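Biologist: Please present the model and explain the terms in which it is described.

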2 protein chains.
Amino acid sequence: MLQNPNPAPAYYQQAETLLVAVDCIIFGFDGEKLKLLVFKRKLNPFAGAYSLIGSFVHPSESTTDAARRVLFDFTGLQDIFLEELHVYSEVDRDPGARCISIAKYALIRVTDYHKALSDHYDTEWVALDSLPELVLDHNRMVADALQRLKQKAQFYPIGFELLPKKFTIPMLQRLYEEIFERSFDARNFRKKLLSLTLVKPLPEKDRTTSKKGSFLYRFDYKKYERLSKKGFQFSLFKI
Amino acid sequence: MLQNPNPAPAYYQQAETLLVAVDCIIFGFDGEKLKLLVFKRKLNPFAGAYSLIGSFVHPSESTTDAARRVLFDFTGLQDIFLEELHVYSEVDRDPGARCISIAKYALIRVTDYHKALSDHYDTEWVALDSLPELVLDHNRMVADALQRLKQKAQFYPIGFELLPKKFTIPMLQRLYEEIFERSFDARNFRKKLLSLTLVKPLPEKDRTTSKKGSFLYRFDYKKYERLSKKGFQFSLFKI
DNA sequence: GCAAAAGTGTTACGCTTACACCCATGG
DNA sequence: CCATGGGTGTAAGCGTAACACTTTTGC
């Protein structure tokens with residue numbers, strides 16, 4: 001990288017600065033429905049209203065740092081899937097101040113979720129098909145995130161981020177059916193998944209959803225990374 | 001949208017604001033090679049160095065407004081393809097100031113490009129395979145934009161944004177070969193393209209690249225929009 | 001023993017790919 | 001007349017999609 005050969009001129013200082021926030025669209029899957037984590041604001045403005053989880057970005061941190069900070073504060077989770085969605089910067093988007101928001105979406109394993117924090121922050125899981133009204137442009141952010149999730153899940157194995165690390169094939173299928181709002185043939189789904197050889201069978205069964213029980217699998221991230229670098233494109237069904 | 005029921009508290013004012021910039025990764029195609037539009041800075045810091053085209057975001061405009069403003073200033077073009085790439089916000093990314101940059105990539109028709117402005121701003125088209133060193137993290141931005149262009153062009157007809165509105169099939173094929181760094185079989189490429197019925201044949205030929213001449217086509221944006229809404233997925237070749 | 005979910009193979013079709021020659025024209 | 005790029009069809013193989021019955025076990 002080129003090093004700055006001269007000091008920054010007045011130009012830099014004169015330019016107008018802005019408030020910068022991050023807002024997190026946090027998805028979860030309870031085995032049945034796709035859910036969103038929201039919280040009820042305690043402070044004004046909008047006290048009592050539902051909102052995405054967010055924070056202003058401090059000068060001493062990157063936007064990713066800020067997002068990870070609030071995610072940890074509200075869920076107790078670290079090392080979770082987090083990706084930038086979009087910058088929302090309409091001049092009048094926040095009546096309280098000129099503030100741009102960098103929206104990021106996160107995928108979390110509901111099973112790992114730290115429930116103790118839930119009460120403290122008044123967070124709630126809400127089903128995506130019955131969202132409450134959220135503050136500002138947050139409903140728009142959720143709609144955009146959902147569209148992105150659909151796109152991304154077609155060609156990247158991000159669905160596995162929403163399941164427990166050990167999961168069954170029917171569980172995965174239900175998740176995919178939830179994300180894509182369509183059904184899949186169980187035989188073809190299983191066949192295609194196993195043909196990718198990216199899930200490793202475990203000698204254990206999950207018996208919570210049936211008497212017979214269903215074998216557990218684990219996603220092989222290392223193998224996926226390896227194949228990915230060689231040009232392999234993940235996909236579970238034809239578009 | 002919920003209206004603010006109460007005035008914003010001191011919290012809003014206390015939060016620290018940041019400099020926010022937009023930087024544009026501007027791609028063009030001259031019929032032969034994929035090019036990037038850069039300019040040689042006249043002012044410090046980094047006077048004389050190559051840089052992406054950008055600006056600080058004013059409080060009175062959205063980031064899209066800001067990007068369109070600089071694109072118009074530097075190229076004389078309006079209504080061009082512009083999409084957000086990523087927010088670059090590492091704390092030490094700009095030694096001159098704490099500044100985050102929202103990178104956007106643009107696709108322009110080199111034929112429409114307003115050359116008169118080129119001299120005024122010292123802009124230059126450079127081939128993507130022989131980029132100069134750019135200021136700050138701009139080389140990283142370009143690499144990321146190129147990757148995004150590849151991804152996006154697989155499933156969205158954005159290649160047409162880089163060609164004149166009337167184009168020939170061999171021209172389009174050369175562009176795709178440039179983007180995807182691979183070759184395509186001319187018969188299969190043409191067959192697949194025409195089978196989508198998204199390009200309308202014109203009764204004119206382009207004779208600049210061969211004696212025989214090659215028929216011109218026009219992309220049918222309206223038809224694409226219509227099909228798109230019904231769930232049609234654009235793709236010119238299997239991944 | 002029965003209800004409820006898990007697990008298993010085969011076939012038809014469509015899409016993708018590979019491949020070689022004639023056409024039109026300007027010089 | 002020849003060099004150059006434009007334009008055309010067919011066949012093989014692969015992946016996708018459709019489809020019905022058996023297995024296991026808790027109650």
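**Chain A and DNA strand D**

Modeller: Chain A exposes about 11700 Å², of which carbon and sulfur atoms supply 51%; accessible areas come from the Shrake-Rupley method with a 1.4 Å probe, and for residues only the protein chains shown count as cover. This is a predicted model, in which local features need pLDDT of at least 70 and side-chain atom pairs count only at pLDDT 80 or more, while totals for chains, interfaces and linings use all residues. Residues are numbered from 1 along each chain as its sequence is written, chains are lettered from A and ligands numbered from 1 in the order in which they are written, and side-chain values use heavy atoms, without hydrogens and water.

Biologist: What makes the contact of B:Lys191 with a base oxygen of DNA strand D a polar one?

Modeller: A polar contact is a pair of N or O atoms within 3.5 Å; within protein, one must be able to donate a hydrogen and the other to accept it, and residues adjacent in sequence count only if both atoms are side-chain atoms. An N or O atom in the side chain of B:Lys191 is 2.8 Å from a base oxygen of DNA strand D, so the pair qualifies.

Biologist: Why do B:Ser214 and B:Phe215 qualify with respect to phosphate oxygens of DNA strand D?

Modeller: For B:Ser214 a polar side-chain atom lies 3.0 Å from a phosphate oxygen, and for B:Phe215 a backbone N or O atom lies 3.1 Å from one; both pairs are therefore polar contacts.
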